[in-house]
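This report describes the architecture of the structure shown below, proceeding from local strand pairing to the overall form of each chain.

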Amino acid sequence: MSEQPSQSDASQHPAIPNPATQNHDGAFVRFLRATEVDTRLLGMIGALLLIWVGFHLYGHFVNGFGAFLTPRNLWNLSVQTSSIAIMACGMVLIIVTRHIDLSVGSLLGFTAMIMGVVQVWVLPQFLGLGHAMIWPITILAGVITGALIGAFQGFLIAYLSIPAFIVTLGGLLVWRGASYLVARGETIAPVDQTFALIGGGPYGTIGATGSWILGAVVSVAIVWLLFNGRRQRIRFGFPTRPMWAELLIGGVGIGVVLGAVNVMNSYPWPKGIVRRYAAENNIVVPDGGLFISHGFAIPVLVAITVGIAMTFLATRTRFGRYVFAIGGNPEAAELAGINTKKMTLLIFTLMGVLTSISAVVASARLKSATLALGQFDELYVIAAAVIGGTSFAGGIGTIYGAILGALVMQSLQSGMVLIGFDSAIQQLVVGCVLVLAVFLDNLYRRNST
Amino acid sequence: MADVANNSENPNTATPLVAMKNISISFGGIHAVDNASVELHPGEVLGLLGHNGAGKSTLIKILSGAYAKDEGEIFVDGKPAIINNPRHAKDYGIETIYQTLALADNVDAAANLYLGRELLTRWGTLDDAAMEAETRKVMNRLNPNFTRFKDPVKQLSGGQRQSVAIARAIHFNARILIMDEPTAALGPAETAQVGELIQQLKKDGIGIFLISHDIHDVFDLADRIAVMKNGQMVGTAATKDITEDEALGMIILGKCPPQATPGPGALAD
């Protein structure tokens, strides 16, 4: 868009003080316009790469070994990010509607404890240890618990008009206390074997072939989405992206997917596990050792599935449209006939469900339900959403941003562990990065509107 | 519903499009609207006048479903209507352009136009392409200069935002249109545009409630005025029968000239 037709608008809003966009657009601006890529997204990916490369080089030069950009670390990073990423998807909707949920960490601990009791103490008595129905019943129990608690908190917020901050601050204490009461503070272990697969670990992966198949399916989906989007635009006579931009987006998307598959497949099972697996399956281990790939871990697939489902919900459905409308102007949403109270109830219920899914992943990964599970998670989840561009003013936020935000948080955390920073420094850095990220985001927004 | 008193001054003897009868509502002991009645006929523009706090916005918010009345009845086409929330009002073809415009600031024009009644694909997902295409058509008619279909309405100018709000109100075959201070935020050219729009809507047989501080505006656009004071109806009069000074007398003193039909709030002589 040239500046002439929008003169009246430019006079109403602070114009972009960047001479490059004012007069003749630079190549980069033209590139962004053609590809319609979100510049915030590019910035976040840039920051993420900077963190990755920075930690790797720091390790390389200071410790003599760059441990960050190795398949092993990236695989671990993907698993560690999953639990926070799943909850961050729900937190986006909560913050977009101008609420907050401080209870997710405690709720995660509580639902994990309930699931621990169900699968370790209760079900084996009736079904026998290791019964195939134990894990689905356990997860169902966990999801129902999470949904009910989320709905209850949502009810207090929506229908009794208690601020979300207070309700969930209460929840933070109540559910932590409740999880102590459930098992008198005991650690409940070991969880069901099939259930444990959801937490990852060498067996909790889909292997090399599975990962390639998944990569191929996702690549096809990317092509289909681009093709379908273009067809829709042509059907309604809207401007389309130039062909080279479509090809570039498709190419980069597929490249990232297949690259990720390759990295996940480059991380082999540890020797001990390979030996045990070979012995169990009567496979002879050759001299050089047997290379069995991890491939994508199941918790990562859970997180990706949640991310896709939540993106769909947020952008393609009425529910999502109402979430953003309420966030932008609650009064207007109500006057348009949206039942904002019911929406609040549903959003908090959804948060409860996602928290319970995170509880499955987190407790399966530890193979136990402990009292401390999920402690301080609320802070990481909120930070992930906020770093991912969710605005506390309401109405603004994306699911992919929150997932990237979770990845940034976890990258910082594991990066500092890898290069040997102690936990005091870690907290310091994470805290500063959070504030800095919001500051940069504000700056970006001020310049772009 | 045939209100004999009104027929004498209004040539339209048919059933009123909407009749609000003996409406009362109070907030914490304050009677914001007290026993107010008003009627609107097809193709008629009724100017609702009064000071700040006279109760005109409150009365109209009862009709649009934003507030639930304490007492009284509402009739649409002579039939009792139950309006407890904005959805009900829209089901009766009552659309409102609020003074604040009531737009969802962070979504685009199409999303605002269809807010609460989105077009869906056969899969039950939002049909954004169809909504945008429809929005382009409507906006082309209302405001041909409007091109910013992808931007959140927050980034639009006052006039552009106003056109989005108007488009939303008239796109769904409104029969009764409530305009709350429609020109308060507009420049002279845009105000004239709103005037033209009102004339056109009148021709289509739409009844319009026009709420305004600006008495000149109302005399230009309205067929009839209804004046409120302290939550009560002072009276109604055809704009051609009374002068602006007499209308001001009704607003400030609650004094009805002989040509007007006095209401319960009229100053006793």
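How many bridges join strand 1 (residues 18-27) of chain B to strand 2 (residues 30-40) of chain B? In this predicted model, the two strands run antiparallel and are joined by seven bridges.

## The first hairpin of chain B

Within the pairing of strand 1 and strand 2 of chain B, I25(B) has V33(B) as its bridge partner. Two residues lie between the strands of this hairpin, and G28(B) adopts a positive phi near 55° there.

Strand 1 of chain B also pairs with strand 4 (residues 71-76) of chain B, in the antiparallel sense and over five bridges. In that pairing, V18(B) stands opposite V76(B).

## The four-stranded sheet and helix 2

These pairings belong to an open sheet of four strands in chain B, with the order 2-1-4-5 and antiparallel pairing. Strand 2 and strand 5 (79-80) of chain B form the edges, each pairing on one side only.

Helix 2 of chain B lies across strand 1, strand 2 and strand 4 of chain B, and runs at about 115° to strand 1 of chain B. How is helix 2 (residues 56-63) of chain B placed with respect to the rest of the structure, largely enclosed or largely exposed? Eight of its eight residues are buried, so helix 2 of chain B is largely enclosed by the rest of the structure. The buried set includes the charged residues K56(B) and K61(B), and L59(B), I60(B), I62(B) and L63(B) are also among the buried residues. Just after helix 2 of chain B, G65(B) takes a positive phi of about 90°.

## The seven-stranded sheet and helix 9

Chain B contains a further open sheet, of seven strands in the order 6-7-8-3-9-10-11, with mixed pairing. Its edge strands are strand 6 (94-97) and strand 11 (261-262) of chain B, each of which pairs on one side only. Strand 7 (residues 176-180) and strand 8 (residues 207-211) of chain B are parallel and share five bridges. Within that pair, I176(B) stands opposite G207(B).

Helix 9 (residues 244-253) of chain B packs on this sheet, where it touches strand 3 (45-49), strand 9 (224-229) and strand 10 (232-238) of chain B. The direction of helix 9 makes about 25° with that of strand 9 of chain B.

## Overall form of chain B

In total, chain B has nine helices and 11 strands. Its radius of gyration is 19 Å, which agrees with the value near 18 Å that a compact globule of 269 residues would have. Along the principal axes, the C-alpha atoms of chain B fill a box of roughly 65 × 40 × 40 Å.

Of the residues of chain B, 47% count as buried. Among its contacts between residues at least 6 apart in sequence, 64% join residues at least 24 apart.

## Overall form of chain A

Chain A has 19 helices and zero strands. Its radius of gyration of 24 Å is close to the 22 Å given by the globule rule for 449 residues, so chain A is as compact as a globular protein of that length. The C-alpha atoms of chain A fill a box of roughly 75 × 60 × 50 Å along the principal axes.

Buried residues account for 41% of chain A. Of the contacts in chain A with a separation of 6 or more, 77% are between residues 24 or more positions apart.

## Buried positions and the nonpolar core

L108(A) is located in helix 6 (residues 104-127) of chain A. Why does L108(A) count as buried? L108(A) has 33 C-beta neighbours inside 10 Å, and the threshold for a buried residue is 20 or more. Its contacts beyond four places in sequence include T355(A), S358(A), L373(A) and D377(A). L108(A) and S358(A) are 250 residues apart along the chain, yet their C-alpha atoms are separated by 6.9 Å.

The largest nonpolar core has 183 residues, of which A88(A), C89(A), A384(A) and L210(B) touch the most other members. Beyond its neighbours within four places in sequence, C89(A) is in contact with residues including V306(A), M310(A), L354(A) and I403(A).

## The contact between the chains

The contact takes 24 residues from chain B and 27 residues from chain A. Helix 3 (86-91) and helix 5 (128-142) of chain B each supply at least two residues of the side that touches chain A. That side of chain B divides into 12 nonpolar, seven polar and five charged residues.

Key: Residues are numbered from 1 along each chain as its sequence is written. Chains are lettered from A and ligands numbered from 1 in the order in which they are written. This is a predicted model: local features need pLDDT of at least 70, side-chain atom pairs count only at pLDDT 80 or more; totals for chains, interfaces and linings use all residues. Two strands pair if DSSP finds at least two bridges between them. The radius of gyration is taken over C-alpha atoms; the globule rule is 2.2 Å times the number of residues to the power 0.38. A residue is buried if 20 or more other C-beta atoms lie within 10 Å of its own, exposed if 12 or fewer, and partly exposed in between; C-beta atoms are placed from the backbone. Two residues are in contact if their C-beta atoms, placed from the backbone, lie within 7 Å. A nonpolar core is a set of buried Ala, Val, Leu, Ile, Met, Phe, Trp, Tyr and Cys residues joined through C-beta atoms within 7 Å. Axes are lines fitted to C-alpha atoms, for helices over the stretch in contact, and angles run from 0 to 180 degrees between N-to-C directions.
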